[in-house]
Amino acid sequence: FDAAQASTMPTRLDDLAATCYALITLFRNSILAPACSFLGLTFLSGYGFAISRKTLEDVGGWSEDTLAEDLDLSLRLSIMNKRYIFLPDTYVRDEPPPTLSSLAMQQRRWMQGAIQVFFKSILLGFKKSIRSFLYAPIAGLFMGLLANVATVLSALLSLMIGAPTTSTLLVLGALLNTPLAVTTGRLLLSGKAQLGFKRTLVGLVMTAILYNPVSYTHLR
């Protein structure tokens, strides 16, 4: 393989910030990374991965024009169809942010980088490879932006075509909430086994509270 990514886990779970961070890594480990691997896309999470020097040179090295250099590198590796493997049962530990405010600052930086990769994937999709388009929703999902994008788009569409009917709102609500419910259920099952049910539930609620205002601020 040209690149490999291991699962990741915080070194400690002794406070709320570490619990929220654990849920974020759990989302990458149990949903995002496996999904990318299934689609034949590379996903590197910034640590816990290995890449050959030749491969890194082939794709032009590290990018200095984004805050999400790992996601940017993943995009370029995917376009070039480099051989990639995700190792779900191999864990690498890392240090979580010490406080909720520092976690919010970290996620804000990562979201800004994901927005940069989002637009880059669209641009490269027209210029180089259709596969690049696949990374637009990946970048959005990774940073918790898709729900906010859908909200803004629905508001813009309502200005052009008029207010949506009740049935339309129900259908759109179901379409948006079904994948969210499936994702939440998957995280509860994975988190219960690794973190315990109570800690997982608290982490999910706090992470949702953290992500929504931060991601909406970036989108606006």
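**Exercises on a predicted helical model**

Of the 220 residues of the chain, 41% count as buried, where buried means under 20% relative accessible area, exposed over 50% and partly exposed in between (1.4 Å probe, protein chains only). This is a predicted model in which local features need pLDDT of at least 70 and side-chain atom pairs count only at pLDDT 80 or more, while totals for chains, interfaces and linings use all residues. Residues are numbered from 1 along each chain as its sequence is written, and side-chain values use heavy atoms, with hydrogens and water left out.

**Exercise 1.** Determine which elements the chain has and in what order they run.

*Solution.* Begin with the assignment: helices (H or I, at least four residues) and strands (E, at least two) are DSSP runs, numbered from the N terminus. On that basis the chain has eight helices and three strands. Reading from the N terminus, the order is β-α-β-α-α-β-α-α-α-α-α. Then turn to contacts, meaning heavy atoms within 4.5 Å: of those in the chain with a separation of 6 or more, 76% come from residues 24 or more positions apart.

**Exercise 2.** Describe how helix 3 and helix 4 pack, and state which residues make the contact.

*Solution.* Two packed helices are described by the angle between their axes and the distance between the axes. The axes are lines fitted to C-alpha atoms, for helices over the stretch in contact, and angles run from 0 to 180 degrees between N-to-C directions. For helix 3 (residues 69-79) and helix 4 (residues 100-127) the angle is about 20° and the axes are 9 Å apart. Helix 3 is therefore roughly parallel to helix 4, given that angles under 35 degrees count as roughly parallel, over 145 as roughly antiparallel, 65 to 115 as roughly perpendicular and the rest as oblique. On the side of helix 3 the contact is made by L71, D72, L75 and I79, and on the side of helix 4 by A114, V117, K120, S121 and L124. By class, this contact of helix 3 with helix 4 has six nonpolar, one polar and two charged residues; Ala, Val, Leu, Ile, Met, Phe, Trp, Tyr, Cys and Pro count as nonpolar, Asp, Glu, Lys and Arg as charged, and the others, Gly among them, as polar.

**Exercise 3.** Carry out the corresponding analysis for helix 1 and helix 4.

*Solution.* Helix 1 and helix 4 pack at an angle of about 30°, with their axes 8 Å apart, and they are therefore roughly parallel to each other. From helix 1, the residues L16, A17, C20, Y21, I24 and R28 meet L100, L103, Q106, Q107 and W110 in helix 4. Sorted by class, the contact of helix 1 with helix 4 comprises eight nonpolar residues, two polar and one charged.

**Exercise 4.** Establish whether helix 3 is enclosed, and examine T42 and F43 in the loop between helix 1 and strand 2.

*Solution.* In helix 3, 10 of the 11 residues are buried, so this helix is largely enclosed by the rest of the structure. Directly after helix 3 comes N81, whose phi is positive, near 55°. In the loop, T42 is buried with a relative accessible area of 2%, and F43 counts as buried at 1%. Leaving aside residues up to four places away in sequence, T42 touches S74, L77, S78, K82, Y84 and Y135. F43 and S78, although 35 residues apart in sequence, are 8.4 Å apart in space, C-alpha to C-alpha.
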